[in-house]
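Thanks for coming. I have one protein chain to go through today, and I will start with the whole chain before turning to a few residues.

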Amino acid sequence: MRIKRSVNSLKKRRAILKQAKGYRGSKSKLYRVAMEAVMKSGNYAYIGRRLKKRDFRSLWIARINAACHANDISYSRFMYGLKLADIKLNRKVLAELAISNPSEFANLVATAKTQIAK
């Protein structure tokens, strides 16, 4: 008995065209062009998910650096002082502290300065 593929191939095509919905011109209308666009956009999304992590880390570092300079210390010396003081806070938490609670951040800076001075 021969197997006919029309149902499955139609499902496959519909799925791709559904993913390509909202794309401009033939990218959302023609299967072959839509297939390329969906593959490309999936690849961009994959890369973007990795880039997002880098972008956020650099944003946190910039925020911590700005708060450090407001407290008369450089970012690198601040991080070194925290390491000496055995304070294990990640950059995300430090950036949030610098924005939402500057007085606590100033306490951390003071701790880092005392550790470096020893």
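A definition comes before the surface figure: accessible areas here come from the Shrake-Rupley method with a 1.4 Å probe. On that basis, the protein chain has an accessible surface of about 9200 Å². Carbon and sulfur atoms account for 56% of that surface.

What you have in front of you is a predicted model. The average pLDDT of the protein chain is 96, and 100% of the residues score at least 70. Going by element, helix H1, residues 6-19, has the lowest mean pLDDT, at 95, while H2 has the highest, at 98. As a general caution, where pLDDT is low, predicted coordinates should not be read in detail.

Next, the secondary structure. The protein chain holds 5 helices and 0 strands, so reading along the sequence gives α-α-α-α-α.

Now the overall dimensions. What radius of gyration does the protein chain have, set against a compact globule of 118 residues? The protein chain comes out at 26 Å, where such a globule would be near 13 Å. Along the principal axes, the C-alpha atoms fill a box of roughly 85 × 35 × 20 Å. Of the 118 residues, 22% are buried. Taking contacts between residues at least 6 apart in sequence, 46% join residues at least 24 apart.

On charge, the protein chain carries 28 positive and 6 negative charges. The mean positions of these two sets lie 22 Å apart.

Let me turn to single residues, beginning in H2. Alanine 34 sits in helix H2, which covers residues 31-70. Is alanine 34 buried or exposed? Its relative accessible area is 0%, so alanine 34 is buried. Setting aside neighbours within four places in sequence, alanine 34 is in contact with Ile16, Leu17, Ala20 and Lys27. For a distance along the chain, take alanine 34 and leucine 51: they are 17 residues apart, and their C-alpha atoms are separated by 25 Å.

Valine 38 is also in helix H2. Valine 38 counts as buried because its relative accessibility is 12%, and the cut-off for buried is under 20%. Which residues touch valine 38, leaving aside those within four places in sequence? They are Ile16, Gln19, Ala20 and Tyr23. Ile16 and Ala20 are therefore among the contacts listed both for alanine 34 and for valine 38. Valine 38 also gives a longer-range distance: from valine 38 to serine 103 is 65 residues in sequence and 49 Å in space, C-alpha to C-alpha.

The last two residues are in loops. Aspartate 72 is in the loop between H2 and helix H3, where H3 is 75-84. Aspartate 72 has a positive phi of about 60°, although it is not a glycine. With a relative accessible area of 66%, aspartate 72 is exposed, as the cut-off for exposed is over 50%.

Aspartate 86 is in the loop between H3 and helix H4, where H4 is 91-100. Aspartate 86 is not a glycine either, and its phi is positive, at about 60°. The relative accessible area of aspartate 86 is 54%, so aspartate 86 is exposed.

To recap: the protein chain has 5 helices and a radius of gyration of 26 Å. Alanine 34 is buried, and valine 38 is buried. Aspartate 72 is exposed, and aspartate 86 is exposed. That is the end of my part.

Notes:
Residues are numbered from 1 along each chain as its sequence is written. This is a predicted model: local features need pLDDT of at least 70, side-chain atom pairs count only at pLDDT 80 or more; totals for chains, interfaces and linings use all residues. Side-chain values use heavy atoms; hydrogens and water are left out. Helices (H or I, at least four residues) and strands (E, at least two) are DSSP runs, numbered from the N terminus. The radius of gyration is taken over C-alpha atoms; the globule rule is 2.2 Å times the number of residues to the power 0.38. Buried means under 20% relative accessible area, exposed over 50%, partly exposed in between (1.4 Å probe, protein chains only). Contact means heavy atoms within 4.5 Å. Lys and Arg count as positive and Asp and Glu as negative; His and the chain ends are not counted. The place of a charge is taken as NZ of Lys, CZ of Arg, CG of Asp or CD of Glu. pLDDT is the predictor's confidence in each residue, from 0 to 100.
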